[in-house]
Amino acid sequence: MNEIALYSACCSLWLYLLAVVIRRKLQCVCDDRMDGKTVIITGGSDGLGKATAFNLARRGARIIITCRDWQKGLAVKQEIEMKTDNSEIILKKLDLSDYTSVQKFVDRIVKTEEKVDVLINNAGIGIGSTVNKNGHPIIFATNHLGPFLLTLSLMDLLRKSSNPRIVFVSSVGHRWGHIEFDTIETEDGGSVPAQFRAYTQSKLAQILFMKELHKREHKNGFSVFSVQPGTIFTGIFRGFPWLLKLITYPLFYLILKTADEGCQTQVHCSVSSGLEIYSGKHFTECRPEEPILPANHQQIAEDLWEYSEKAVGYLSKKSSNIQPYYEEASIHYFTSYLDDFRQR
Ligand SMILES: NC(=O)c1ccc[n+]([C@@H]2O[C@H](COP(=O)([O-])OP(=O)(O)OC[C@H]3O[C@@H](n4cnc5c(N)ncnc54)[C@H](OP(=O)(O)O)[C@@H]3O)[C@@H](O)[C@H]2O)c1
């Protein structure tokens with residue numbers, strides 16, 4: 001019995017030391033300030049988004065954090081203001097799985113902001129088996145389609161910045177993702193493997209969108225990055241069944257990064273000066289690293305852009321005056337597409 005206790009203690013100590021060593025490497029060492037810059041952080045009400053907001057608030061940025069639950073968001077806004085002495089924390093409602101909510105958010109931002117310097121597409125979910133109002137799987141809508149619409153709709157405001165940046169918080173999960181257009185609408189489902197496929201697909205989609213955006217907009221001064229933050233003990237695991245939580249949470253607490261440690265790469269890509277030459281790159285541990293992409297990823301990225309435009313009813317005009325519009329037809333198109341697929 002004593003041997004087992006000793007063995008467990010040694011294992012725990014070893015894991016703990018390993019976690020400490022791993023975490024140490026992850027700090028963004030840049031001390032650039034962000035005074036005068038406006039940053040939008042989606043999902044700033046929790047986890048990595050909240051930790052990022054804290055970090056950038058200390059650097060003097062004006063920060064717009066988005067939330068779905070107003071009371072929860074308000075508490076976070078007040079906490080950031082109090083602890084960082086930055087009174088320029090603005091709270092806005094946004095549900096990325098609802099394209100009308102995205103439209104309303106953009107309408108409000110356009111009225112209040114003269115420019116946006118950095119957009120951090122951070123919000124995301126890992127678990128969810130429902131579909132949104134448009135019939136799109138909730139994971140794909142929240143992690144890719146909503147941010148796609150949001151990003152394109154904010155391009156004009158970002159263009160007004162002298163050095164606009166867009167950061168996508170992806171995941172190591174992109175490695176297992178496949179974009180398959182004929183099943184994209186049905187990839188979700190009740191089962192855990194189906195949700196995993198939906199998640200990895202959405203995380204790959206974020207990187208492909210980032211690459212395509214870089215191709216189209218870097219020449220116009222935009223710097224775009226995707227990041228994988230590692231594995232962080234945040235609310236993303238809250239959908240676990242309670243028994244799984246009971247087993248995994250103590251271990252997660254011991255070895256996974258905290259939100260503050262995990263947000264370092266997205267902070268780095270948002271603030272570090274001189275990073276423009278790395279636009280179009282994927283970052284991990286505050287360094288560029290090649291993502292694992294399918295061989296024909298450039299073609300898939302173009303197709304995904306076209307698909308996403310139709311899915312959210314967005315028409316990108318050739319002129320700089322990009323305005324989103326919503327087409328009922330696109331909703332009907334995808335609903336009938338889904339019905340058709342389900343009957344097959
Ligand atoms: N944690 C990890 O290990 C890990 C690893 C790789 C990548 N990531 C990525 O990191 C990002 C942040 O995740 P996290 O770990 O910080 O998770 P989290 O603690 O659950 O925070 C997620 C944030 O996204 C918001 N959100 C969820 N659904 C939304 C929607 N439909 N519209 C708008 N906002 C929504 C949440 O708002 P509410 O407060 O309203 O729920 C919350 O603020 C995600 O994109 C995730 O995929 C996380």
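Leaving aside its neighbours within four places in sequence, which residues is leucine 48 in contact with? Keep that in mind while you get your bearings, and remember that you are looking at a predicted model.

**The whole chain**

Colour by secondary structure to begin. The protein chain shows 11 helices and 8 strands. Of its 344 residues, 43% count as buried. If you draw contacts between residues at least 6 apart in sequence, 76% of them join residues at least 24 apart.

**Stop 1: leucine 48**

Select leucine 48, which sits in helix H2 (residues 47–58). Here is the reply to the opening question: setting aside anything within four places in sequence, leucine 48 is in contact with Asn122, Val169, Pro229, Ile232, Thr234, Ala259, Gly262, Cys263 and Gln266. Now add glycine 235 to the selection. Leucine 48 and glycine 235 are 187 residues apart in sequence, yet 9.4 Å apart in space, C-alpha to C-alpha. Is leucine 48 buried or exposed? There are 31 other C-beta atoms within 10 Å, so leucine 48 is buried; the cut-off is 20 or more.

**Stop 2: H2 against H9**

Keep H2 on screen and bring up helix H9 (residues 264–271). The axes of H2 and H9 come within 9 Å and cross at roughly 45°. That angle makes H2 oblique to H9, and the crossing is right-handed. For the contact itself, show side chains for Leu48, Thr52, Asn55 and Leu56 on the H2 side, which meet Gln266, Val267, Ser270 and Val271 on the H9 side. An α-helix has 3.6 residues a turn, so residues three or four places apart point the same way.

Now select H9 alone. How many of the 8 residues of H9 are buried? The count is 8 of the 8, so H9 is largely enclosed by the rest of the structure. The buried residues are Gln264, Thr265, Gln266, Val267, His268, Cys269, Ser270 and Val271.

**Stop 3: the sheet**

Hide the helices and look at the strands. You have an open sheet of 8 strands in the order E3-E2-E1-E4-E5-E6-E7-E8, with mixed pairing. At the edges are E3 and strand E8 (287–288), each pairing on one side only. Bring H2 back: this helix packs on the sheet, touching E1, E2, E3, strand E4 (118–121) and strand E5 (165–169), and its direction makes about 165° with that of E2.

**Stop 4: strand E2 and its neighbours**

Zoom in on strand E2 (residues 62–67), where 6 of the 6 residues are buried. In a regular strand the side chains alternate between the two faces of the sheet. Turn on side chains and you'll see Arg62, Ile64 and Thr66 pointing one way from E2, with Ile63, Ile65 and Cys67 pointing the other way.

On one side, E2 pairs with strand E1 (residues 38–41) in the parallel sense, over 4 bridges. Pick threonine 38 and you'll find arginine 62 of E2 opposite. Follow the chain from E1 through H2 to E2 and you trace a right-handed β-α-β crossover.

Next, step over to strand E3 (residues 89–93), which runs parallel to E2 and is joined to E2 by 5 bridges. Which residue in E3 is the bridge partner of cysteine 67? Click lysine 93 to see that partner. Isoleucine 64 is likewise bridged to isoleucine 90 in E3. The connection here is another right-handed β-α-β unit, made of E2, helix H3 (residues 70–84) and E3.

**Stop 5: helix H5 and threonine 142**

Select helix H5 (residues 138–159), which lies across E4 and E5 and runs at about 175° to E4. Within H5, pick threonine 142. This threonine 142 counts as buried, with 24 C-beta neighbours inside 10 Å. Not counting residues up to four places away in sequence, threonine 142 touches Leu96, Ser97, Gly124 and Ile125. Put a distance label between the C-alpha atoms of threonine 142 and glycine 124: they are 18 residues apart along the chain and separated by 6.1 Å.

**Stop 6: the loop between E7 and E8**

Last, go to the loop between strand E7 (282–284) and E8 and select glutamate 285, then cysteine 286 in that loop. Most residues other than glycine have a negative phi. Glutamate 285, though, has a positive phi near 50°, and cysteine 286 has a positive phi of about 65°. Glutamate 285 is partly exposed, with 17 other C-beta atoms within 10 Å. Cysteine 286 is partly exposed too, with 19.

Terms used
Residues are numbered from 1 along each chain as its sequence is written. This is a predicted model: local features need pLDDT of at least 70, side-chain atom pairs count only at pLDDT 80 or more; totals for chains, interfaces and linings use all residues. A residue is buried if 20 or more other C-beta atoms lie within 10 Å of its own, exposed if 12 or fewer, and partly exposed in between; C-beta atoms are placed from the backbone. Helices (H or I, at least four residues) and strands (E, at least two) are DSSP runs, numbered from the N terminus. Two residues are in contact if their C-beta atoms, placed from the backbone, lie within 7 Å. Two strands pair if DSSP finds at least two bridges between them. A crossover is right-handed if, with the strands pointing away from the viewer, the path from the first strand over the helix to the second runs clockwise. Axes are lines fitted to C-alpha atoms, for helices over the stretch in contact, and angles run from 0 to 180 degrees between N-to-C directions. Angles under 35 degrees count as roughly parallel, over 145 as roughly antiparallel, 65 to 115 as roughly perpendicular and the rest as oblique. A crossing is left-handed if the near helix is turned anticlockwise from the far one by less than a right angle, and right-handed if clockwise.
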